[in-house]
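Visitor: I would like to go through this model with a few questions about its core and one of its strands.

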Amino acid sequence: MALSSRFWRLNLFPKPSLSPLQTTLKSLKPLRQKLCPILSLPISSSSSSSLNSSNSLFSTSKNSAFSEPHSRTPSPQDDLIVLGIETSCDDTAAAIVRGNGEILSQVVSSQADLLAQYGGVAPKMAEEAHLQVIDKVVQEALDKAKLTETNLSAVAVTIGPGLGLCLRVGVRKAREIAGSCNLPIIGVHHMEAHALVARLTERELQFPFMALLISGGHNLLILARDLGQYVQLGTTIDDAIGEAYDKTAKWLGLDLRRSGGPAIEELAREGDAKSVKFSTPMKQHKDCNFSYAGLKTQVRLAIESKNINTTIPLSSASSEDRRIRADIAASFQRVAVLHLEERCERAIEWALKIEPSVKHLVVSGGVASNQYVRSRLDQVVKKNSLQLVCPPPCLCTDNGVMVAWTGIENFRMGRFDPPPPADEPEDIVYELRPRWPLGEEYAEGRSEARSIRTARMHPSLTSMIQESLQQQP
């Protein structure tokens with residue numbers, strides 16, 4: 001019979017002091033039954049009950065992991081070595097990072113050929129691609145760092161949001177390593193990782209700060225008040241900007257092996273950004289939410305009206321055909337990013353009401369690699385006397401470094417699970433979080449445009465942590 005593993009309760013132990021973090025791998029073994037008593041229970045017949053109850057996803061122990069007996073010499077916090085695994089969508093990634101922020105290795109296996117073949121992410125094909133390379137990617141990360149699994153302090157892995165089939169591949173691998181080496185394991189929120197990686201590259205970045213997280217599946221504006229404490233200022237009510245870039249690139253017949261974003265950005269440099277009149281989304285809605293479904297429709301209709309033969313590759317197109325495609329690409333990009341600018345302007349105003357000390361806007365996620373996006377948003381933040389913080393492009397797209405670093409930040413707070421059983425059945429059913437909000441919604445930010453889908457959605461990370469803290473004596 002398949003088993004349910006309801007892990008990732010983010011067990012909240014007392015926050016360690018500034019003295020070296022004293023924890024070892026073997027000292028966590030006695031906590032397994034205390035903190036994860038549900039590991040071997042059959043999966044619930046009612047999935048909705050587990051989705052709507054934060055108590056079923058968290059547990060709190062009065063016992064501190066830092067007070068257990070140690071079986072080896074304690075290590076300083078900077079000597080933590082964490083493996084991060086990321087498989088939430090179409091990239092298989094692993095990285096090893098030290099507690100001091102040193103990146104020991106980073107490996108990413110792209111599914112660019114599949115994206116080009118299917119014109120987007122096909123979940124089942126993506127899962128199979130992850131399965132084919134996950135062992136090799138993790139081993140290469142270890143080899144590049146000149147380490148073995150026994151040198152690790154913990155394993156961090158993305159557990160949501162994302163595609164359930166893909167998330168499962170990374171989680172299974174992480175639990176396999178953690179179980180065989182008796183390592184603590186840290187479940188990571190994908191969007192929190194995109195936000196926190198900026199604290200790795202900009203070590204002066206302190207809470208509170210704002211973050212705009214933009215990718216193929218997400219548009220999210222948050223106020224990060226503290227680790228695990230986020231206010232959602234705005235989110236996607238239908239399609240994300242990365243999805244709009246990808247579809248526009250596909251309809252224009254561009255090479256998708258580089259993904260839609262870079263292809264559109266490059267072609268747009270040749271075009272007139274004001275030649276095609278697209279309407280800016282949601283002008284009438286005075287909130288910070290995003291919508292790109294309507295803009296996608298405008299682009300599709302514009303392409304159809306121009307009678308472009310997109311079966312002809314751009315490299316073989318006539319000069320007139322190329323000019324038309326470039327004009328559409330440039331006009332699309334201008335309006336798509338203008339939508340970001342307008343939402344960020346309002347979000348900055350809201351954030352400063354809540355936290356007047358905010359000084360930075362972090363822009364991360366795959367679309368944050370776009371230089372046009374960066375330059376336009378830099379003007380917005382300067383106008384509001386803030387500073388723009390963008391991780392390097394290799395850390396904007398999905399990667400293992402952001403997962404490992406977020407694991408380190410949470411591990412230091414005592415938010416981790418003890419090692420899983422070494423003999424876990426292969427057919428175990430993991431409780432993943434494909435739809436998992438990061439923060440609690442700001443009252444003024446609730447969408448008036450339409451209801452944001454909430455079916456089968458987990459409680460937000462912020463609400464779960466707050467409830468668990470309230471349960472502590």
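Guide: The model is predicted, and the questions below take up its nonpolar core, a strand and a loop residue.

Visitor: Where does the largest nonpolar core lie with respect to domain 1 and domain 2?

Guide: This core has 71 residues, and L83, I96, L152 and V155 touch the most other members. Domain 1 (81–203 + 398–437 + 461–471) and domain 2 (210–393) both contribute residues to this core, so its place is between the two domains.

Visitor: Is strand β3 (residues 81–86) largely enclosed or open?

Guide: On one side of β3, I81, L83 and I85 are buried, and on the other V82, G84 and E86 are buried too. Six of the six residues of β3 are therefore buried, and the strand is largely enclosed by the rest of the structure.

Visitor: Which residue of β6 stands opposite L83?

Guide: β3 pairs with strand β6 (residues 154–160) in the parallel sense, over four bridges. Within this pairing, the residue opposite L83 is V155.

Visitor: Which residue of β4 stands opposite G84?

Guide: Strand β4 (residues 91–98) and β3 form a hairpin with four residues between them. Their pairing is antiparallel, over six bridges. In β4, the residue facing G84 is A95.

Visitor: Does I237 count as buried or exposed?

Guide: I237 sits in the loop between β10 (229–235) and α7 (241–251). Its C-alpha atom is 6.1 Å from that of F290, 53 residues apart along the chain. The cut-off for burial is under 20% relative accessible area. I237 has 6% relative accessibility, so it counts as buried.

Notes: Residues numbered from 1 in each chain as written. Predicted model: local features only at pLDDT ≥ 70, side-chain atom pairs only at ≥ 80, totals over all residues. Heavy atoms only, no water. Core = buried A, V, L, I, M, F, W, Y, C linked by side-chain atoms within 4.5 Å. Buried < 20%, exposed > 50% of the residue type's maximum accessible area, 1.4 Å probe, protein only. Domains from an automatic or database assignment. Helix = DSSP H or I, 4+ residues; strand = E, 2+ residues; numbered from the N terminus. Pairing = 2+ DSSP bridges.
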